[in-house]
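Hello,

Here is the structure I promised to pass on to you. Have a look at it first, and then read my notes below.

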Amino acid sequence: IYARRRALFCRILREAGYDFVEPRGAFYLFPRSPIDDVKFCGILAQEKILAVPGVGFGAPGHFRLAFCVDDAVIERSAAGFARALAAARG
């Protein structure tokens, strides 16, 4: 289940233009933030996407996303990720 969700989430992020390393064993991703990670998590929140700033994990400039949610939740996030990245890039 988690391998499928990881692949789905990674495909959505790649198609939207995010930079990240695909995890091998965890159930979260740490994409690079296009702007300050705290500010970007605020933009994602406006899209109803819950992300945690990487600074809290010792990884400023990144943000954390968990994929231990239903496939449908991940699928519905695709447009929001694209809009958030476009908004951050101005």
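**Rings, charges and a small sheet**

Let me start with a charge and a ring: Arg5 sits over the face of Tyr2, 5.7 Å from the ring centre. Please keep in mind that this is a predicted model.

Another arginine is placed in a similar way, with Arg64 over the face of Tyr28 at 4.0 Å from the ring centre. Tyr28 also takes part in the sheet, where Ala66 in β3 is its bridge partner. The two strands concerned, β1 and β3 (residues 63–66), pair in the antiparallel sense over 2 bridges.

How are the strands of this sheet ordered? The sheet is open, has 3 strands in the order β1-β3-β2, and its pairing is antiparallel. At the edges are β1 (28–29) and β2 (52–53), each of which pairs on one side only. In general, strands of a sheet pair through backbone hydrogen bonds.

Now to the aromatic rings, where the count comes to 8 pairs. One of them joins Phe30 and Phe57 edge-to-face, at 5.5 Å centre to centre and with 75 degrees between the planes. This pair links distant parts of the chain: Phe30 belongs to the loop between β1 and α2 (37–46), Phe57 to the loop between β2 and β3, and they are 27 residues apart.

Are these two rings buried or exposed? Phe30 counts as partly exposed because its relative accessibility is 25%, and Phe57 is partly exposed too, with a relative accessible area of 42%.

Finally, look for one aromatic cluster, formed by Phe9, Tyr18, Phe40, Phe63 and Phe81.

Enjoy exploring, and best wishes!

Definitions and conventions:
Residues are numbered from 1 along each chain as its sequence is written. This is a predicted model: local features need pLDDT of at least 70, side-chain atom pairs count only at pLDDT 80 or more; totals for chains, interfaces and linings use all residues. Side-chain values use heavy atoms; hydrogens and water are left out. Two strands pair if DSSP finds at least two bridges between them. Helices (H or I, at least four residues) and strands (E, at least two) are DSSP runs, numbered from the N terminus. Rings of Phe, Tyr and Trp (its six-membered ring) pair if their centres lie within 6.5 Å; planes under 30 degrees apart count as stacked, over 60 as edge-to-face and the rest as tilted. Buried means under 20% relative accessible area, exposed over 50%, partly exposed in between (1.4 Å probe, protein chains only). A charge sits over a ring if NZ of Lys or CZ of Arg is within 6 Å of the ring centre and within 35 degrees of the ring normal.
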